[in-house]
Amino acid sequence: MTSISAVKLVVYEPWGQALHTVTDISSLEWAGKLCDHSTLSVTLPAGSPQAACLRDMVEVALLVKIKDEWIEPAGARFFTTGYVQDPVKDFGATTISMIGISTALRFESVTIPTPDDEEGKRVFPAQSPGSILCTLFNEARSRDTKYGLEWAKALEWSFSAQRDSHNQPWGKNARCTFAPSASFEKVLEWLSSKGAVEWRMNARALEVYRSGGFLSRRNESVAFIDAYAEAAPVTTSFEYVSTLARFRGKDGKQWEKNNPNAARAFGRIVKWNEQGQVERDETASLYLEEVSKRGQDPRRQYRREWTLTGDPESPLPWVDYNLGDWVNASGSELRVRETGVKLAEDGTWSAWVTLGDRIEALLERLARKTTDLSDGMVGGENSPVVGVGGPRAEKGTPQAPVDLLASSDPVSDASGAFHSVLTLSWAPVSLTTENREVTVEEYLVEVTKNGDKTRYYTCHEPKITIQGYPGERWRIRVRARSAQNVWGLWSSALEHVLAIDKEPPPQPARPQVEAKLGILIVTHSGQSSTGAPMPNDTDYWEVAVSSSSTPQPAVDAKVAYAHGLTWYRSGLDVNKNYYVRVRAVDTSANIGPWSEYVLTQIKPLFDASKLGAQLASSTDALGNLIVQIRDASIIAPGAIKTSHLAALSVSADKIAANAITASHITAGALDAYIVNGSVLQTSPTARRGVKITSTGLYAYDYAGNETVKITGSSGTISGYTISGGVIEQSSYSSKIRISNGRITFSENNQTQMTIDDDGMAIWEGDRKIGYISANNKHDDPTVRGLSMNLHTEGDYVTWSYKIHPSDQYSTTMLTLDPKGRFYKNKPGIHFGNDIWLNGNDFKFPDGSNFAIRYGTLDGAPCTGISSNNNGIDITQDDVYVRFNGTCFSLRKLLRDNGYNV
C-alpha cells in the first residue's frame, strides 16, 4: 500500500477543452458515495493568482499522483457550485465548492409523456434499465437543436440497451412509470433504489452496472482494522424503528403487519408504504416485510479514519479499495458505502470510509423482490406484461424472420481452450401476417445443438453472436415478439456446422475426364495438386462443367466425399468444348480453390449418311429392321429402360447360362445415382441417405447429420460410438459412457454422475459429492429403503425452488449443513420457510415428549409449548405459565409486584 505524493486540478471549459492547471492548493477534501454524486472542496491561499480561474462556472478534474503516475480516479470530475472568500478571517483565502458532473442528470427530465396515458405519464413497458436510460438520453439530445443549447454535450454513457458498462447482459427488465417532470437523476435513483443498477462517473462517462456485478466485488486484499485507525465511531439510529407496518395498493386496498420484534419503548409507531399497482396479497406481504425489516432494529454504520502515512497497513482509496467493495472490518464483511481523502494545510493526507450494516444489503434484496424486475411489473405482480400507452400498435402476429445468414469463426480463450463463435443475422421484422406495421420488442433465437439440446437466446436487434464448440451441428430458428407481447411465426430452420478451422481445403489435382456414348464421366484420385491426400475433414466435392474457361464457374453438382470421385453427366451438346473443374468443401464450410480445368468434347455416336444405307440393307422380307448387338459397349448406360421392354419379353429361357457376366456390365450400366464409382448410395446428394464406400457404411438424416458410421474397427449410431464392448456418446463437452455395467455422464472431461449397481453418485469436478442408492440398515439387512447420502467431500444438501423461471438462483426451503459451510460456522439442519405442523408432538428416546399447541386462552388466540402438562402459553398481550394444567398470567404477576407492563 502507498500514499499520495502530489495533487493538481485541471480546469476545463464545461464539456469543452482544458484551460488551466491549478497546483497552488492549501487544503482539499474529496468525498464519494456509492450511487450518488461525489463532492470536492478546495482552498487556495490568499493572493493566489490561480484562484481566479476557479471563481467561475467551470469543469474541474482532480488528479492525484500515486507511485509516480498521475491518475484521475472514478468520481473525480466536477462542476463548481460557488466559492467563499473572507478577507478578515482567512486573509482572503478562497474556498471553492464542487459537485460531481453527474449532477448534469438534474438538468434534463423525462419531458415526453406516453400518448393516451390517463395520468399523462411516461410508461416504459418491461424494458432493461439500459434501454430506459438510452431512450431518455437520446431523446434529450434530439431536443438540442430546438432550444439552441445543448444538454451535457460531451456526456458519454458506456452501456447499451442490452449490456451494462462491464459488457454484461442486464439481469432484469422493469416496467416503470415516470412523470414528465422527473429528472434523469430521479430515474437513475429509482433504478438503483430498486436494486436494478449501480452507477458511478468515470471522467465524463456515466457507467451503469447491473446490481451485484462489477461494483459489488469481494475485496479480500484489505481489512479495515482498528490497529491503524485514529477514529472508529459506530453510529446507531432509531429513526426507522416501527412496530406496525401498513401498505396501500391498487384502488386503496390496505394491508398491515404487526412487528413484534421491534423495540417498543416509544409505544406504537406506524410506517406506511404505497404502490398503486399492487393488488395481490403475496406482493403486499413483500412490501410489509421490507417496512418491518427496516423498523425491526436500530440502523448502524461503521466509520474508520486514518492518516495516509505510506505504512503497509494504511489502505488508500482507488488503489486498495473502491466504492461498492465488500471488505473485512473487525471480523465482519461490510460494504464500502462512502469514502474520502483529505489534505490538511500542513501537507498531511488522511482518509476515511463508511461501511454499511448488513441490514442495508438485506433491504436491497427486498427492494428487488418488491419491484420484481423479472417480469417487469412494479410491485411484483406475476401478471403478463402488456403494451401500454404510445401510438396504438398493431396487435397482429409478426411475420416469420427471413434471410437468415450464419457464419462462424474458431477462437481460443486465455487458457488455450478452443470455441467457435456463431454470428447470425436476419432481415428485421416490420409487418404482421396481415401485412400491417408492427413494432418488434425483441427476437427469440432457438438453437438445437447436435439434434438434442435446445437453448434459447434473446436480442433486440436482428443480429446475435453465440458461442459454441467447434464441429457442433446447429439447427437455428428465429421469431419476433411485438411490443404488444404477441409472439410471431418461426422462421425456416437454418442448418450450420460451427467452424473447426478457417483454413480451406487445398487445390485438388486435375480431374480425369472421358466421354463415352454421349456420357461425360468425371473421376478424381482424391489427391491435392501437390500429390498429397486431401484433408480428413473434407466434406464433399463440387463439380463444374462450363462452356468457358472462367476461373470461377457455376457449381453443377455436389458429390459426397469418398476419398475419390466418380460422377456422370448426360445431355451435353456434341462437338462443343467443355471445361471441367472440381473443388473441395470441408466440414467447417470452408471452400477450397478450383482445380485446373480439363478440356473435353462429346463426340457424335454415328454418321447419319452411312447409317441410312446400313438400315436399308438390314431389313427382312416384311420390312422389319434386323439388329444384332455384338458388343455391350454399343448400349449406352441407361439407354435401355423398363418402358422399352414389353412385358415378359425377356425371360430366363432367352438368357443362356452365364451369358451375362461382370464384363458385360460396364460403369454406368446401373443407374449412376445408385452406383457412383466406388460408392453405393441411395441418394446422389452429399450427406443424405445411405452410402457404402471402401472405408465403411455411412447414413445421414434429412438435415445432413451423420447418424450411422460403421468401419472395420468401430462404429457410431446417432452420435453413439461402439468399440470393444463400450458404448459412448460424445458432443464435444458432454459425454455419456456405458461400460462394464456403469453409465457415466461427464462435462468437459469431468465426471458429473455415475449410475451402477451401487446406485447413483453425483460429482462436482473431481469431488464426489454424494449418492442415492437402495440400502439396508447397517445392523438389520431386513430393513431396506432408499438412502440419499453426502460423501465425505460433499458439503450440504438443499431442497430448493425457483420463484421465477428466469431466476439465476434457487431459494432454499430445507438445508442439511453438517460442516457449517453453507451457513458459516452453523452446522445442522436449517429451515428456510414456514413450518406447518400436523401432529405437533416432538418425541424423545426416553419416552418424554414436547408439544406445540394452538388454541385460545381467555378468549384470545394463543400458541403454547408444553411437556408433561407444564409449559408456556403466549397471546398477543400476555404470557401464561402453566403448572400441572393451571395457567398463571405473567403480566398480572409482574403488575402485582410493582412493574408497569
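This short presentation describes the fold, one sheet and the aromatic contacts of a protein chain.

The model is predicted, so to speak of local features requires pLDDT of at least 70, side-chain atom pairs count only at pLDDT 80 or more, and totals for chains, interfaces and linings use all residues. Residues are numbered from 1 along each chain as its sequence is written, and side-chain values use heavy atoms, with hydrogens and water left out.

I begin with the whole chain. It has seven helices and 59 strands, taken as DSSP runs (H or I, at least four residues, for helices; E, at least two, for strands) and numbered from the N terminus. Of its 901 residues, 39% are buried, that is, under 20% relative accessible area with a 1.4 Å probe, protein chains only.

I turn now to one sheet. Strands β30, β31 and β34 form an open antiparallel sheet in that order; two strands pair if DSSP finds at least two bridges between them. Because β30 (512-516) and β34 (565-569) each have a single partner strand, one side of each is left without a neighbour in the sheet. Between β30 and β31 (residues 519-524) there are five bridges, and glutamate 514 stands opposite isoleucine 521 in β31.

Finally, the aromatic residues. Phe137, Trp151, Trp157 and Phe184 form one aromatic cluster. Two arginines also lie over rings, by the criterion that CZ of Arg is within 6 Å of the ring centre and within 35 degrees of the ring normal. Arginine 204 lies over tyrosine 12, at 5.3 Å from the ring centre, and the charged end of arginine 477 sits over tryptophan 490, 4.3 Å from its ring centre.

How values were computed. Buried < 20%, exposed > 50% of the residue type's maximum accessible area, 1.4 Å probe, protein only. Phe/Tyr/Trp six-rings, centres within 6.5 Å; stacked < 30°, edge-to-face > 60°.
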